[in-house]
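This note is offered to a colleague who is meeting the structure for the first time. Please read the numbered points alongside the sequence and the model.

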Amino acid sequence: MKIALKSIFLCMALVIQYSAHATGSMIQIKQVDSLLEESRRQVYKTPDASIKLGLSIYKDESYSQEVRVKALLLVSFGYTSKRDYRKALEYIVKVDEISDELDNELLEIEILYRTGVLYQQLKIYDKSIEFMEKTERFCLSYPDKDAVRLFLANSYVVKAFIYKDNLNCDIALDFFNKGILEYQKINSRKSNGNLSIIYYNIGNCYSMLGEYGNAKNSFARSISLARRENADSLISFAEKGLAEVYTLEGNYRKAVDLLEEALERSKGVGDLVLNLGIYKGLFENHLALNEPGKFQEYYNLYLKTQAQIKTSERNSIGDSINESYKLQNTELLTIKEQFSSLLRWSILLVVIFVLGVLFLEFKNKKTIQNLTKKVDSLQGGSKIKK
């Protein structure tokens, strides 16, 4: 009886100990998830801190596979925000390597989407569209539509960017509008920044199509949405776009005033691509206004910024070529394996056919020999009777 009671108390103690450990683990996981989520929200402001946090969590093997995958996604996202696509690609490949055994469809959707975005940034457009279409299929089949609506909206927008870059603005506008419809269903203040970017790109499409009235309305909407979030970089981009429309309309002074405002605001942003566009607009408009001194000042700044961007992009272009080469090699190996498999089956079928023919030939010969013997036997019997 005493032994039984001791066993019961021991089991109870183990259960209590396990429950406490499991509860502690759950709290730890929730804390880490919250930390990763907060760092992701701040990634554009503090990318280096996000990268450092992601790497420290990934290297700690005491965390679950799912947590480590999320940490690597943060690292890749951090490098993407710094426009270091070489490193972003390196970590998205690691994500793919360790995410095979995950049982989290929502996280799989995010991985598909992030990979597609990276291919789009590397200008490997066919692979990007492939991943975006996979993202859309997963999203449309996912039971909780609200949980994946942002990925669905963004997948439409990324495809719109690709078609816009390939000068298919009519198709791009369709996908931008699809993305806007999904964002409207989200109905959250968090969407303002993304909607500002979408309307900025819609404005660019209308500019290319020569629909300047629609372009100005889109850029104005982009500025309004960006101001709600105090997003200086987005406001400056939209002002630059609106100034380009004024330039096309011949309103050079108004374009210069708006570009100078955008340049002042962008000083704290540090975006080379944004600065390049502003400098380009300023030197072109000062040239049109016959102001050589201002033209030369901004033209020199434009050339200096362009050189900085080219230096940064060289590595990304090399990585894009390497990635394309890897993809081609993978496809070639797949074709070779399919061909080898087909060849093996063909040889096997030929061997079976030849063996079948030989077997039938042998069987026929055997049958003929037996019949010949039978005929000879019958003929021999007839002769004896005579």
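Which residues of α12 are buried?

1. The buried residues of helix α12 are Ala 255, Val 256, Leu 258, Leu 259, Ala 262, Leu 263 and Ser 266. The helix itself covers residues 252–266, 15 residues in number. From its first C-alpha to its last, α12 reaches 21 Å, close to the 21 Å expected at 1.5 Å a residue.

2. As to the setting, the model is a predicted one. The chain contains 14 helices and zero strands, and every element in the run from the N terminus is accordingly written α. Of its 386 residues, 39% count as buried. Among contacts with a separation of 6 or more, 59% join residues that are 24 or more positions apart.

3. Helix α7 (residues 145–165) and helix α8 (residues 169–186) have axes that come within 8 Å and cross at roughly 165°. Angles over 145 degrees count as roughly antiparallel, and α7 and α8 are therefore roughly antiparallel to each other. Their crossing is left-handed. By class, the residues of this contact divide into 15 nonpolar, two polar and six charged. On the α7 side the participants include Leu 150, Tyr 156, Val 157, Phe 161 and Lys 164; on the α8 side they include Ile 171, Phe 175, Phe 176, Glu 182 and Ile 186.

4. A second helix pair is formed by α3 (residues 65–81) and α5 (residues 105–121), whose axes come within 12 Å and cross at roughly 20°. That angle makes α3 roughly parallel to α5, because angles under 35 degrees are counted in that way. The crossing of α3 and α5 is left-handed. Glu 66, Val 69, Lys 70, Leu 73, Phe 77 and Thr 80 of α3 meet Leu 107, Glu 110, Ile 111, Arg 114, Leu 118 and Gln 121 of α5. The classes represented in this contact are six nonpolar, two polar and four charged residues.

5. Helix α9 (residues 191–208) has 18 residues, which should span 26 Å at 1.5 Å a residue; its end C-alpha atoms are 26 Å apart, so the two values agree. The helix is mostly covered, with 14 of its 18 residues buried. Just after α9, Gly 210 adopts a positive phi of about 80°.

6. Is Ser 207, a residue of helix α9, buried or exposed? Ser 207 is buried, because its relative accessible area is 15% and the cut-off for burial is under 20%. Leaving aside neighbours within four places in sequence, Ser 207 is in contact with Tyr 212, Ala 215, Phe 219 and Val 245.

7. Val 273 belongs to helix α13 (residues 272–288). With a relative accessible area of 35%, Val 273 is partly exposed, since that class lies between the limits of 20% and 50%. Not counting residues up to four places away in sequence, Val 273 touches Arg 83 and Ile 309. The C-alpha atom of Val 273 is separated by 9.7 Å from that of Phe 237, a residue 36 positions away along the chain.

Methods:
Residues numbered from 1 in each chain as written. Predicted model: local features only at pLDDT ≥ 70, side-chain atom pairs only at ≥ 80, totals over all residues. Heavy atoms only, no water. Helix = DSSP H or I, 4+ residues; strand = E, 2+ residues; numbered from the N terminus. Buried < 20%, exposed > 50% of the residue type's maximum accessible area, 1.4 Å probe, protein only. Contact = heavy atoms within 4.5 Å. Expected span 1.5 Å × (residues − 1). Axes fitted to C-alpha atoms, helices over the stretch in contact; angles between N-to-C directions. Parallel < 35°, antiparallel > 145°, perpendicular 65-115°, else oblique. Left-handed = near helix turned anticlockwise from the far one by under 90°. Nonpolar A, V, L, I, M, F, W, Y, C, P; charged D, E, K, R; others polar.
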